[in-house]
Structure formats: structure tokens, C-alpha cells
Amino acid sequence: TAAEIRAMRRTEYQRLSDLVRYCESEGCKRQFILQYLGESEPDRCGNCSACLGVRRDAPVSVAPRGGAVKRPAASGDPQNAQMLASLKALRTLIATQKRVPAYVVFSDAALSEMAAKRPATREAFRKINGVGETKDRLYARQFTAVCRGVSAEEAYGMDSESPPEHAEPTGPAERRGAKWSALEENLLRAETAYGLTLDKICANHERPLAEIRARLETLEV
């Protein structure tokens, strides 16, 4: 009906407005997203471009198609340079296999923290900023192996940790089968990059787990 179309347009305009506010915000990006999703978060995450002091007008080198875009890197402890290089090598192998940008696997800030703290156990790995339930499950075994001194190539050949044995979240079904908008897909990418759990993602989108997983596969996230 006409009323439903107007309501849908208002919703889309609001989402677009939220996206513009996110892009123009000078505050912590992680805090903005989690507040948008109704979660609390410390004032600064220390990982996003705002927290790292990367200006929006900072020079960006454009890579060939399919390559990674490089931004100015944050300075780190020179003593951890070799460890950081190994962690980045592992990230590159995983990103290439998944056909995603390297930052989708882990940000430079997260790898710098790993290089400094060298988490050798899953418990320690979970304490790294940017590691949520999904990234813990997918990457804990490989990245903790590198932190213990295993080469990036050998760690890459390891299987990722198996998911915990419990009932999978089914998620709500209020929007089952609804068409995915570009804005909703961008939000899904952001949620995954920040390590939100599947339960939370299902609840945020009001979609069942099967649809969330199917869309993630389509988006190659």
C-alpha cells in the first residue's frame, strides 16, 4: 500500500542519514556502531581510524584492482617488528584465500597489539581488541600459533578452532525473506568486521540464522 511504501522510504532515509553521520563522525567508529546497535562501549576502542588519528584527508595509495588499499600505519615497538611481520603474513594468506581485504580479517591495530602481547592461549587471544566470538572461533588457533613462534605458512595450514558444541542460534524470523538493501549489507559487513556474535547479528537484522549465513557467503565475508 501507499502507506507501507512511505514508511519504507522513511526507514531507508533514516538508515542513509545514520550512515552519513557515521562517515562524518570524528569520534570512535566502534563506539558509534555499538551505540547504534544498542550496546555500551568505552569512549575509545583504540583501533579505528578516529582513535588512531588517521585523517579522512590522509593520503591513500590506490592499489591495482583486487589489491589492498594502504593507509599510513601506526608506529609500533621496533622489537616486535618480526612478530608483526609474521602476523601480517598470516593475515594476507587468510585474506587471499577468503578473497576479502586484509582488514576484514584483522586491523593493523589488532595485529600490533598481538605482536606486543603475544597471546599464546585462546583466553589471552580473546582479550585482544577486535577479537569477538566469530574471530576467536575462526582464527584463534592460527594466530596464537604464530605468537608461539610457528611460521605464518605453517599456522595457515592448521585447521581453525571448531565451534563450541551447543545449539546454534536460530534468530528471529520477523524479516524472513525480506529483500536485502545495500545499507543493510554494509551494516552486516561492519558487524562481522567488529566481531559481533551471530546471535546479536540475527537479532539486529531480525532474520533467521540461515539467511544471515547465506548473505555472508554471498558477500564473501
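**A helix pair and a buried glutamate in a predicted model**

Across the chain of this predicted model, pLDDT averages 75, and 71% of the residues score at least 70. Two stretches deserve caution when the structure is read. Over residues 56-63 the pLDDT stays under 50, and for this stretch the model has 11 contacts beyond four places in sequence. Over residues 162-173 the pLDDT likewise stays under 50, and here the model has 20 contacts beyond four places in sequence.

With those stretches in mind, the reader can turn to a pair of helices, α4, which covers residues 81-98, and α8, which covers residues 133-147. Their axes come within 9 Å and cross at roughly 155 degrees; because angles over 145 degrees count as roughly antiparallel, α4 and α8 are therefore described as roughly antiparallel to each other. The crossing in which α4 passes α8 is right-handed. On the side of α4, the residues that take part in the contact are M83, S86, L87, L90, R91, I94 and K98, and they meet Y139, Q142, F143, V146 and C147 of α8. Sorted by class, this contact of α4 with α8 comprises 8 nonpolar residues, together with 2 polar and 2 charged ones.

Another place to look is helix α6, which spans residues 108-117 and contains E113. Is E113 buried or exposed? Its relative accessibility is 13%, and because buried means under 20%, E113 counts as buried. When its neighbours within four places in sequence are left aside, E113 is in contact with R118, K127, I128 and N129.

Terms used: Residues are numbered from 1 along each chain as its sequence is written. This is a predicted model: local features need pLDDT of at least 70, side-chain atom pairs count only at pLDDT 80 or more; totals for chains, interfaces and linings use all residues. Side-chain values use heavy atoms; hydrogens and water are left out. Axes are lines fitted to C-alpha atoms, for helices over the stretch in contact, and angles run from 0 to 180 degrees between N-to-C directions. Helices (H or I, at least four residues) and strands (E, at least two) are DSSP runs, numbered from the N terminus. Angles under 35 degrees count as roughly parallel, over 145 as roughly antiparallel, 65 to 115 as roughly perpendicular and the rest as oblique. A crossing is left-handed if the near helix is turned anticlockwise from the far one by less than a right angle, and right-handed if clockwise. Contact means heavy atoms within 4.5 Å. Ala, Val, Leu, Ile, Met, Phe, Trp, Tyr, Cys and Pro count as nonpolar, Asp, Glu, Lys and Arg as charged, and the others, Gly among them, as polar. pLDDT is the predictor's confidence in each residue, from 0 to 100. Buried means under 20% relative accessible area, exposed over 50%, partly exposed in between (1.4 Å probe, protein chains only).
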